[in-house]
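Thank you all for making time this morning. I would like to walk you through one model, going from a helix to its surroundings and then on to the aromatic rings.

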Amino acid sequence: MKTIRTIFLLSICAIFSFSNATAQDRPEHELHAMMIYNFLKYIQWPGDKNSGEFVIGVLRDDNVYNTLNTWYGNKERGGKKFIIKSFNSAAEISNCQLLYVGSGASNQFDDVLAKLGSEATLTVSNRRGLGEKGSCINFKVLDGRLKFELNQAAMDKASLKTSSQLSAMAILI
């Protein structure tokens, strides 16, 4: 009986180890796409921006754009139909509830902030220092694991309400 229990426990541990290793082996753009989609559960937009067409814009990151579009494009969840748009410059950005600024566009971040002003747009970025510079959420790798920073002042400026659960998971700026 002890042997069966031991084998069972070792099997369970092996399964969890394998699934954790598999998650860590995913390409970064897939992890970003999954996290972006999951952020939506923890953020509330003002007024009618929480329903109908929900636009996720991606600035200069084809991998993240393609993954988001394949996985979530034109799909509905919670009264929202997800529309994924790709932008090549800050000047093209319009009507997004969420904007992902790829690392290749980080040099345009000041232009992005100027273009958005105080619009209710969740900015998500992927470059060191952009959280402090005004991105609502910024991805960061610590100890080989993907984490994210949350800038509450930027969230307030965009009139976005953050759940305490998201704040608890974040590195607060």
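Let me begin at the start of helix α3, where a side-chain oxygen of Asp61 comes to within 3.2 Å of the backbone nitrogen of Asn63. Please keep in mind throughout that what we are looking at is a predicted model. The helix itself covers residues 62-72, and its buried residues are Val64, Tyr65, Thr67, Leu68 and Tyr72. If you ask what covers these buried residues, the answer includes helix α2, at 28-39, together with the strands β2 (52-59), β4 (80-87) and β5 (98-101). After α3 comes Asn74, a residue whose phi is positive, near 60°.

From the covering elements I would pick out α2, since that is the helix in which His32 has its place. Is His32 buried or exposed? Its relative accessibility is 1%, and because the cut-off for buried is under 20%, His32 counts as buried. Leaving aside residues up to four places away in sequence, His32 touches Val64, which we have just met among the buried residues of α3, and also Tyr100, Asn126, Phe139 and Leu146.

Now to the aromatic rings, for which the count comes to 8 pairs. One of them is formed by Phe39 and Phe148, in an edge-to-face arrangement with 5.0 Å from centre to centre and 65° between the planes. This pair links distant parts of the chain, given that Phe39 lies in helix α2 and Phe148 in strand β8 (residues 145-150), 109 residues apart. Both Phe39 and Phe148 are buried.

Trp71 and Tyr72 also make an edge-to-face pair, here with 6.0 Å between the centres and 85° between the planes. In this pair Trp71 is partly exposed, with a relative accessible area of 28%, whereas Tyr72 counts as buried at 12%. Ring pairs join both of these residues with Tyr37, Trp45, Phe54 and Phe82 into a cluster. Over the ring of one cluster member, Phe54, sits the charged end of Lys80, at 4.7 Å from the ring centre.

Let me end on confidence. The chain averages a pLDDT of 87, and 86% of the residues score at least 70. Over residues 3-23, however, the pLDDT is below 50, and beyond near neighbours in sequence this stretch has 2 contacts in the model. Where pLDDT is low, the predicted coordinates should not be read in detail.

How values were computed:
Residues numbered from 1 in each chain as written. Predicted model: local features only at pLDDT ≥ 70, side-chain atom pairs only at ≥ 80, totals over all residues. Heavy atoms only, no water. Buried < 20%, exposed > 50% of the residue type's maximum accessible area, 1.4 Å probe, protein only. Helix = DSSP H or I, 4+ residues; strand = E, 2+ residues; numbered from the N terminus. Contact = heavy atoms within 4.5 Å. Polar contact = N/O pair within 3.5 Å; in protein donor to acceptor, adjacent residues only side chain to side chain. pLDDT = per-residue confidence, 0-100. Phe/Tyr/Trp six-rings, centres within 6.5 Å; stacked < 30°, edge-to-face > 60°. Lys NZ or Arg CZ within 6 Å of the ring centre and 35° of its normal.
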